[in-house]
Amino acid sequence: MNTHPSTKPLRRTGLDVLGDRPWGSHFCLFFDTKSDLLEILVPYFKAGLAHNEFCFWVLADPLNEDDARYALNQAIPAADRHLVDRHMVFMPAEKCYLSDGVFNLDRVTSEWGTRLNGALAAGYEGIRVTGSTGWPETREWLDFWKYEANLNESIVDLPMTVLCTYPLVGSAGCDILDVTHTHQSAITKRGGNWEVIETAALKHAKEEIRKLNEELEQRVIERTRDLQVAQAELARAERLTTMGLLAASITHEIAQPIAAMVASGGSCLNWLENEQPNLKEASVAARLMVQNGTRAADVIRSIRSLVQKAEPRVTRLDIDTVIEEVLALARGELQQHDVVLQTDIDSGLPSVLGDRMQLQQVLLNLIINAIQSMSGIHDRPRDLIIRCKRDAPEDGVLITVQDSGAGIDASVGERIFDSMFTTKGGGMGMGLSISRSIINAHRGRIWSLPSESAGAIFRILLPSQRSIQGDQTQ
């Protein structure tokens, strides 16, 4: 057949016993009675007509065209009966297979190719065929058996489905074996139920496919696990890199409150060691010691949270507290680069479910990017604005990080979140990619916006704890 190959999507056979099968399917039906034959062929063609397939019903005893049309009209709604006239051809077997009473394998094969090409040119997705074998005489049987074997191989990659029908009456055991061998599978009724008989080769192929699918699924599971581990390690490496950039500032942030603690401790002792101890002033100095100790402890706790190697732990979080912890780490870096920080955080924000360490990493990455973007700015103030508002439509929190730096070229667009994409000299191009994967895992969104003036705007939308738990209960 001279026909373009198809992509072999699954097609509805209309038969529960067969289910959906790909294009190129070639199976046979062994039947006892006329009613058995119609029980299979009517739903078979009904499915073809419903799915834009041109249908060819090749007829031989015990069916004629009147029988076939009547059975189809009984099964198809009145509004759809015009499909039978427009999209279907009924052909006597002798006309289909014989020319001047002679069966010619090459001619019959070529004619099916011509019919298929005509159907495709007319806009049909393919053709659906049934071939009746009630006509061959003994002299034609060998050639017809060769035709079936050739058909079995030649339609594999074509948009055709072929169901050949064989009467059990008059068929010898060897005939049945020959027929089964030249089809992918056979249908027959046993004990009142339709069953599929598959060739040994097809059974073996299915078993091999099953084994390959199991192996593939296992490899996918293992690969996914490896990728998750690698991604976690990469995220931790990114955090450590960020902490390295902040090392000097963090040292200052810790050293400053410790020095203040020492000074306050000395003052406290002096007030207590006076001949007349001044308990009021000593109390003030002691409170200052506690405040500075708490400040240093907050910085250390934030550092530990970011550098620890631990499994993600989802808990209820107050996002304003997470922001404050990140700003405690970045405060020294902001001061060193003369960045003016402005915060606008709503009170009474809904809680979110998330991993504290991962969300801190995302926010710290955005802040460091903003600081670096503004490092070369000398003609305008270096402003960093962090807002956190309730997002009523989404029932969540909306975080905005806005700077007055160099901004993002409009041509970059969403590529800025791609792995290995960077606009910074010496950048790895991993920070924003990791940030997006983290926010996606939290069922949120992160995106960038063009600024009306200068700089860049990044927004993070996180669903509230209530909305996530509501989804899980539905």
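This passage describes the overall make-up of a predicted model, then two helix pairs, two residues of one strand and two loop residues.

The protein chain has 474 residues, of which 42% are buried. Its secondary structure consists of 14 helices and 18 strands. Of the contacts between residues at least 6 apart in sequence, 74% link residues that are at least 24 apart.

Helix α1 covers residues 34-50. Its 17 residues, at 1.5 Å a residue, should span 24 Å, and the C-alpha atoms at its ends are 24 Å apart, so the expected span and the model agree. The buried residues of α1 are D36, L37, L38, I40, L41, V42, Y44, F45, A47, G48 and L49. Helix α1 packs against helix α2, which is formed by residues 65-75; the two axes come within 10 Å and cross at roughly 60 degrees. The two helices are therefore oblique to each other, and their crossing is right-handed. On the α1 side the contact is made by K34, L38, V42, F45 and K46, and on the α2 side by D67, A71, L72 and A75. Six of these contact residues are nonpolar and three are charged, while none is polar. Within this set, L38, V42 and F45 of α1 also belong to the buried residues of that helix.

A second pair is made up of helix α11, residues 319-336, and helix α12, residues 356-374. Their axes are 9 Å apart and the packing angle is about 40 degrees. This angle makes α11 oblique to α12. The crossing of α11 with α12 is right-handed. From α11, the residues in contact are I319, T321, V322, I323, E325, V326, L327, L329, A330, E333 and L334. They meet R356, L359, Q360, L363, L364, I367 and I371 of α12. By class, 13 residues of this contact are nonpolar, two are polar and three are charged.

Strand β10 runs over residues 185-190 and includes T188. T188 has a relative accessibility of 8% and so counts as buried, the limit for this class being under 20%. Apart from neighbours within four places in sequence, T188 is in contact with F30, L168, N193, W194, E195 and I197. K189 also lies in β10. The relative accessible area of K189 is 27%, so this residue is partly exposed. With neighbours within four places again left aside, the contacts of K189 are F30, D36, E39 and W194. F30 and W194 thus appear among the contacts of both T188 and K189. D36, a contact of K189, is one of the buried residues of α1. K189 is 158 residues away from F31 in sequence, yet their C-alpha atoms are 7.3 Å apart in space.

Two loop residues have a positive phi without being glycine. N52 follows α1 and is located in the loop between α1 and β4, the latter spanning 53-59. The phi of N52 is positive, about 60 degrees, although N52 is not a glycine. With a relative accessible area of 32%, N52 is partly exposed. R443 is likewise not a glycine, and its positive phi is about 65 degrees. The loop that holds R443 connects α13 (431-441) and β17 (445-450). R443 has a relative accessibility of 48% and therefore counts as partly exposed.

Key: Residues are numbered from 1 along each chain as its sequence is written. This is a predicted model: local features need pLDDT of at least 70, side-chain atom pairs count only at pLDDT 80 or more; totals for chains, interfaces and linings use all residues. Side-chain values use heavy atoms; hydrogens and water are left out. Helices (H or I, at least four residues) and strands (E, at least two) are DSSP runs, numbered from the N terminus. The expected span of a helix is 1.5 Å times one less than its number of residues. Buried means under 20% relative accessible area, exposed over 50%, partly exposed in between (1.4 Å probe, protein chains only). Axes are lines fitted to C-alpha atoms, for helices over the stretch in contact, and angles run from 0 to 180 degrees between N-to-C directions. Angles under 35 degrees count as roughly parallel, over 145 as roughly antiparallel, 65 to 115 as roughly perpendicular and the rest as oblique. A crossing is left-handed if the near helix is turned anticlockwise from the far one by less than a right angle, and right-handed if clockwise. Contact means heavy atoms within 4.5 Å. Ala, Val, Leu, Ile, Met, Phe, Trp, Tyr, Cys and Pro count as nonpolar, Asp, Glu, Lys and Arg as charged, and the others, Gly among them, as polar.
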